[in-house]
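Reader: Hi! I am new to this, so please take a close look at the empty space in this model with me, and then show me what else is worth finding along the way.

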Amino acid sequence: MINSSLQPKINPMFRLQWEQVQECYVLLYPEGMVKLNGSAGEIMQLIDGNNKVVDIINTLNDKFPDAGDLTEDIYEFLSAAGEKKWLYYEQ
Amino acid sequence: MNNETQTNVGPPLWLLAELTYDCPLHCPYCSNPTDLGDTKDELNTQQWLDVFTQARAMGAVQLGFSGGEPLLRKDLEQMVKHSRELGFYTNLITSGIGLTEKRIAKLKVAGLDHIQISFQGADPEMNDIIAGRGNAFEQKFKMAQSVKEQGYPMVLNFVISKQNISQVEDIMRLSCLLKADYVELATAQYYGWAFANRDHLLPSQKQMVDAEKIVNEFRDKQNGKGPKFFFITPDYFEDRPKACMNGWGSTFLTIAPDGSALPCHSAKMLPLKFPNVKNKSISHIWQQDFAFNRFRGDSWMPEPCQSCDEKEKDFGGCRCQAFMMTGNMDATDPVCSKSPDHHLVQEAIELAKNPKEPIFERVNQRTFKGEDIVRIKL
């Protein structure tokens, strides 16, 4: 289970990158690319191996005060991203 | 095709750089053209670097270094470094012949993201017969180990044909042993040398069904561990054609060794005049060139495609396949069961049961002395 003190890291199989021409973040991997939507990009760019889940939640709640509490959305995304193996957690 | 459609063309996200058609192997399934041209016409280092800079500015993001054998170019490291600095995800697509631990390390320093190694079989006997080179398996095996030890993501590619389809399970075990991340079990696509050798390569429907069953059973036992296997069946056994290259001129741009710009690596066979990066910019080629616009959209489509409600799914299939089988590059891909030429595919499946011609080994190019491109001898 994901909890707020875990530090997600991006799987070294993937590279996160802003693509100006596509105006979005993408995840690059061998011979492939995933285009991230706006909110996925906002979360993924905060995953630097140092930020804890709670830091990501606080940062985004501060950044988007009109969006309501984003906690549940962020947990949902992290869970889906974990299943896709974009992320991992050191135990 | 009107100008409005042309300006709506998205970026060439995938750039395939075929650095040379020169290759130390002789695989009969090779999809390179049977007319390999001369190495003296190859783009030089600066011309390739310019191609990468221009394509990246247009939004290209995946870059495959391919061939032939791209390791034959001594300037490969320089190209990797330049393109990685531009922000490309860099893929080396290699036979593994010509790799050394040292070169794998040098490529890593240059910024190479991923290495794909091709194998021809699950053991030295099968592998080296198909590859037409002794000790090829041993070399590939050692280099695959080194690629993983040095921390790269690794894809293994096995071209599956009648020759090696009985080894599918052993191939999957080998892939686990080598700790591959992704594995392509790709049945041969019948272009270039593979088209000439089709009767020797195209498996029977029963062989395909059996192989697919083995692949599925093996996957079930993986429990989410080990390599991710992709089993790619030949379209000859399908009712609908493949969405070739995700649509002509939509996503993929291939630059052939001589600088020809192509919508796919086989397109040069078509009766079209393709532009060359030696005298045209990439943006002009992608957005304006007649050959690149020729099969965009659906106004070019004949019946039964034109009125078909699936035309946006498969874009009428593969133009090269239509041309090779019917002589008409505008025809519906004969793989489609709605095509008036579909019987040609059925006939090909029948013919492959009893090959009449001998198998052709892919020959190599003539290389020239005194060229300004430095080659590595393998």
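**A close look at the empty space**

Author: Happy to! Let's start with the walls of the largest cavity: its lining residues divide into five nonpolar, two polar and five charged. Keep in mind that this is a predicted model. To find these walls on your screen, look in chain B for B:Arg240 and B:Pro241, then for B:Pro304, B:Cys305 and B:Cys308. The lining also takes in B:Glu310, B:Lys311, B:Asp314 and B:Gly316, and it is completed by B:Thr332, B:Cys336 and B:Lys338. The space they line has a volume of about 70 Å³. With a cut-off of 30 Å³ or more, the count comes to one cavity. If you wonder how such a space is found, rolling a probe the size of a water molecule over the atoms shows where empty space is left.

Now turn to a pocket. The second largest pocket has a volume of about 420 Å³. It is lined by 26 residues, and those closest to its centre are B:Gly247, B:Trp248, B:Phe295, B:Gly297 and B:Phe315. Two elements of chain B, helix H13 (311-314) and helix H14 (319-326), each give two or more residues to this lining. By type, the lining of this pocket splits into twelve nonpolar, nine polar and five charged residues.

Next, let's look at aromatic rings. Over all chains, the whole structure holds 17 aromatic pairs. One aromatic cluster brings together A:Phe14 and A:Tyr29 with B:Tyr182 and B:Phe230. Some rings have a charged partner too: B:Arg296 lies over the face of B:Trp286, 5.0 Å from the ring centre. Likewise, the charged end of B:Lys108 sits over the ring of B:Tyr152, at 4.4 Å from its centre.

The last stop in chain B is a sheet. Nine strands form this open sheet with mixed pairing, in the order E7-E6-E5-E4-E3-E2-E1-E8-E9. Strand E7 (228-232) and strand E9 (261-262) of chain B are at the edges with a single partner strand each, so one side of each has no neighbour in the sheet. Further in, strand E3 (residues 89-94) of chain B pairs with strand E4 (residues 114-119) of chain B in the parallel sense, over four bridges. To see this pairing up close, find B:Asn91, which stands opposite B:His114 in E4(B).

Finally, a word on confidence in chain A: its average pLDDT is 95, and 99% of the residues score at least 70. Within chain A, strand E3 (residues 24-29) has the highest confidence at 98, while strand E5 (residues 87-89) has the lowest, at a mean of 93.

Methods: Residues are numbered from 1 along each chain as its sequence is written. Chains are lettered from A and ligands numbered from 1 in the order in which they are written. This is a predicted model: local features need pLDDT of at least 70, side-chain atom pairs count only at pLDDT 80 or more; totals for chains, interfaces and linings use all residues. Side-chain values use heavy atoms; hydrogens and water are left out. On a 1 Å grid over the protein atoms alone, a cavity is a set of points where a 1.4 Å probe fits but cannot get out, and a pocket is an open set with protein on both sides within 12 Å along at least five of seven lines; lining residues have an atom within 4 Å of a point. Grid points are joined across faces, edges and corners, and a volume is the space filled by probe spheres set on the points. Ala, Val, Leu, Ile, Met, Phe, Trp, Tyr, Cys and Pro count as nonpolar, Asp, Glu, Lys and Arg as charged, and the others, Gly among them, as polar. Rings of Phe, Tyr and Trp (its six-membered ring) pair if their centres lie within 6.5 Å; planes under 30 degrees apart count as stacked, over 60 as edge-to-face and the rest as tilted. A charge sits over a ring if NZ of Lys or CZ of Arg is within 6 Å of the ring centre and within 35 degrees of the ring normal. pLDDT is the predictor's confidence in each residue, from 0 to 100. Two strands pair if DSSP finds at least two bridges between them.
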